[in-house]
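Colleague: I am new to this structure and would love a close look at one part of it. Could you take me through the place where two helices pack against each other, and then show me what lies around it?

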Amino acid sequence: MSNSAEAGGTPARSPRERFPLLTLIFERFLLSLVLLFAVSVLIFAGVEALPGDFASTYLGQSATPETIANIRAELGLDRPVVTRYFDWLGGVVQGDFGTSWASRNSVSEQVGKRLGNSLFLAGFAAIIAVPLAICLGMLSVHFRDRMPDKIINVISLAAISLPEFFIGYLLILYFAVNFGIATFPATVYEGMGFLERIQTIALPTATLVLVVLAHMMRMTRAAILSVMSSAYMETAELKGLSSWRAIVKHAAPNALAPIINVVALNLAYLVVGVVVVEVVFVYPGMGQYMVDAVTVRDMPVVQACGLIFAAVYILLNMLADILAIVANPRLRHPR
Amino acid sequence: MNDFTKYLAGRVTAGGMNRREFMGRAMAAGLTLTAAGNLFATSAAAQTPKKGGTLKLGLEGGAATDSIDPAKATSQVMFAAVRSWGDTLVETHPQTRAPIPSLAESWAPSADAKTWTFKIRKGVQFHDGKEMTTDDVVATLKRHSDSKTESGAAGVMKSITSIENKGGDLVVTLDSGNADLPAIFTDYHLVIQPNGGIDKPTAGVGTGPYKVKSFEPGVRMTFEKNPNDWRSDRGYVDSVEIITMNDATARIAALSSGQVQFINRVDPKTVPLLTRASTVQLLTTSGGGHYVFIMHCDKAPFDNNDLRMALKYAIDREEMVKRILGGYGKVGNDFPINDTYALFPEGIEQRSYDPDKAAFHYKKSGHSGSVLLRTSEVAFPGAVDASVLFQQSAKKAGIDIEIKREPGDGYWSNVWNVQPFSASYWGSRATQDQFYSGAYLSTADWNDTRFKNETFDKLLISARGELDEKKRKDMYREMAMLVRDEGGTILPMFNDFVNAGTKKLMGYVSDIGNDMSNGYVASRVWFDA
């Protein structure tokens, strides 16, 4: 509240004050466009700064000066950097991400498939990990400092301390090689049935759940614990609510904001940060796709992947902020 | 029959060993000559290929950037793929590497080896049902050699001046004589496509034993049997699936759990663990690929041959083969050719680790202070360890090598072929001529040691046009000696191709031409039910 409004007495409300949520979404939307633009410049400059260009890295030891020159001429790599950037930008503004320099396939089509795969895996991991983490968090508050709390803590800490590829290898060793009950490699492809797909991604999903579980669980626990000492929790206890009901009905809703934030961060990680898990399980996701493209400096693909990754981060963070406002009546109904 | 000879017999039955190798090893194990000969015959006779089944290959070296266009095929995965769906004019013999007919039935050079006439096989159908003609062959070769080409084979095709269809025969003219032209046509980029693949380079239509069914770059490629294959001695399995697996542990897990039947690039360090699984067999082949430390002969301090010699004597080759390759390799002799090449010059004295000679040459060179060696994990597997081993063995000769570890990304553009002393590797080439022309001729594109020697250049050119094999072999000996004693290459080891398969996989041929049975693994193997 500004001082002038209070002094004037008449609350002449600006749209910003009347529709805080809509304004926020609108502002964030504009800001994210600017951010995406900045990201595209950064990635372009970054790949440009890497040693070697597409023509020389792609053919490697079998290249000759003539073939390199031919490829450069065909792709227009001999033009100035700025021209090439704006050429690319012009296409993207019209929704055209161009074709991959290496495979000569449409980037949008390829990215579509890979993004679909990434979202599928991330989605399944999230469906299992988020409720599980929050439940375990509430459980460990319920049993705080007693045996179940300690067990949950130790196991989840152990899982987060192990590198994800190691967890992956352990799961492969026991469930695929020794017991032979899980599918490996987790390569999904077109024309695979839904059930078959779920079966195929069981191991990478389990790995990802173990990796993200601890972070969310511990944040839930800490956030709830911090409201447990407030007066209304004491009231809830005094009016005879069971400890579990008090946690679920009174403590958890008030601890939502930080939990939502950490969940959003982990979801973003599940989509954009799992290249190692993709490689270990031979899963055709976005991460591997982008790494392959960077290796040979396949600019249109790198740019498209970079933008999508940035967009996922921005979107999930925006969503987290909006949900935090929705979850908090004080922000939802500003005076 | 003791266990070892049983093992040897098994390898013959599986097609992995030729007679010479078998006899040598069986007799070393204490068998008499006749006994060994009989054993070879019975084991080889047991080998009647069975048809059917799905072959799954888990291969390293694929990426989302792979293209099915053979001109752009560079990765291991695309190499094996191209060999499965396409045919070249000429193939190489798996054990001698001599050119043998494929889509070309026969060939003959002119007396100066400048003009070559190839008879093209008749009655061969492409996957799309069209009959292959000499015009298709001409168009294919032109696409890989014209001035607009972006082909990986452009380098080896450079000397071709004209490609013509003369009355149904293919006539190729070169700018100078080349006795190795048939060997050049074994290059996997040069698979014959309908109209040369000009209309649709990525169609994946060829004359090979398998038709491309689906292709997701960097993920998976599937093939089905070509029912109209012109050859009956290949393509035994019904369908083939290549899965790109760039993680070494993932490949091993997939093989030992039986989800794939063949994997490539087994890390020598993991071989003992892998062979512990009773269902797995190791498939190794010697190859012409090698790991090197390269010095620029025209840059100080490496412009001094005594310093180069000192460093060549200061490396412990045996130790490197043992530690870096886990024994799966052969020692090198400072020239890039070994017995996997036709016309290999035998009997050149093996250079070995000799700290005294190293110290002698080092003193004579007058160099003082350390020499800077740049290395990186990407230079070759174990390159950083190998550099440290080199540093330690050189230290005993009083030579101080300083190691600088470079980042992997950009190593091939910023360090290799740029810095005066670095670690690197080379794959095998079809012929000695191709190798020397690509990396040792004064004007070569990739002369990464800056080796400029007039005598060598002259020998290379005249050996190229020489049709008399004996004379040629003598010239190659002379060239090898020049590179070995004056060049900038320190060549500690040739690496074997280490692959692995399930025990049910039969018919694997240890082809010295290249990795994965020279890429033909899918068309050569079959399953023992």
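Modeller: Here is a walk that starts at one helix pair and then moves outward.

Please keep in mind that this is a predicted model. The pair to look at is helix α9 (residues 164-178) of chain A and helix α11 (residues 202-228) of chain A, whose axes come within 9 Å and cross at roughly 140°. The two helices, α9(A) and α11(A), are therefore oblique to each other. If you turn the view, you will find that α9(A) passes α11(A) in a right-handed crossing. On the α9(A) side, the contact is made by E164(A), I167(A), G168(A), L171(A), I172(A), F175(A) and A176(A). Facing them from α11(A) are L203(A), A206(A), T207(A), L210(A) and V211(A). Sorted by class, the contact of α9(A) with α11(A) has nine nonpolar, two polar and one charged residues.

Now follow the chain on from α9. The loop between α9 and α10 (194-200) of chain A holds P185(A), and a cis peptide bond joins F184(A) to this proline, P185(A), with omega about -5°.

It helps to set this pair within its chain. Chain A has 18 helices and zero strands. Its C-alpha atoms fill a box of roughly 85 × 70 × 35 Å along the principal axes, and buried residues make up 37% of the 335 residues in chain A. Among contacts in chain A with a separation of 6 or more, 73% are between residues 24 or more positions apart.

Two other loops of chain A are worth a visit for their backbone angles. R104(A), in the loop between α6 (81-93) and α7 (107-142) of chain A, has phi near 60°, a positive value in a residue other than glycine. V282(A) also has a positive phi, about 55°, although it is not a glycine; look for V282(A) in the loop between α15 (275-281) and α16 (286-295) of chain A. Their surroundings can be put in numbers too: R104(A) is partly exposed, with 13 other C-beta atoms within 10 Å, while V282(A) is buried, with 26 other C-beta atoms within 10 Å.

From here we can step across to the partner chain. The contact takes 37 residues from chain B and 38 residues from chain A. On the side of chain B that touches chain A, α6 (154-157), α8 (248-256) and α14 (411-414) of chain B each supply at least two residues. The most comes from α8(B), with five residues. By class, the residues on that side of chain B divide into 12 nonpolar, 17 polar and eight charged.

Chain B also has strands to explore. Four of them form an open antiparallel sheet in the order β4-β5-β7-β6 (chain B). Its edges are β4 (104-109) and β6 (160-166) of chain B, each with a single partner strand, so one side of each is left without a neighbour in the sheet. From one strand to the next, the twist averages 20°. Helix α5 (residues 134-143) of chain B packs on this sheet, touching β5, β6 and β7 of chain B, and its direction makes about 165° with that of β6(B). Within the sheet, strands β5 (residues 115-120) and β7 (residues 169-174) of chain B pair in the antiparallel sense over five bridges, and W116(B) has V172(B) in β7(B) as its bridge partner.

Definitions and conventions:
Residues are numbered from 1 along each chain as its sequence is written. Chains are lettered from A and ligands numbered from 1 in the order in which they are written. This is a predicted model: local features need pLDDT of at least 70, side-chain atom pairs count only at pLDDT 80 or more; totals for chains, interfaces and linings use all residues. Axes are lines fitted to C-alpha atoms, for helices over the stretch in contact, and angles run from 0 to 180 degrees between N-to-C directions. Helices (H or I, at least four residues) and strands (E, at least two) are DSSP runs, numbered from the N terminus. Angles under 35 degrees count as roughly parallel, over 145 as roughly antiparallel, 65 to 115 as roughly perpendicular and the rest as oblique. A crossing is left-handed if the near helix is turned anticlockwise from the far one by less than a right angle, and right-handed if clockwise. Two residues are in contact if their C-beta atoms, placed from the backbone, lie within 7 Å. Ala, Val, Leu, Ile, Met, Phe, Trp, Tyr, Cys and Pro count as nonpolar, Asp, Glu, Lys and Arg as charged, and the others, Gly among them, as polar. A residue is buried if 20 or more other C-beta atoms lie within 10 Å of its own, exposed if 12 or fewer, and partly exposed in between; C-beta atoms are placed from the backbone. Two strands pair if DSSP finds at least two bridges between them.
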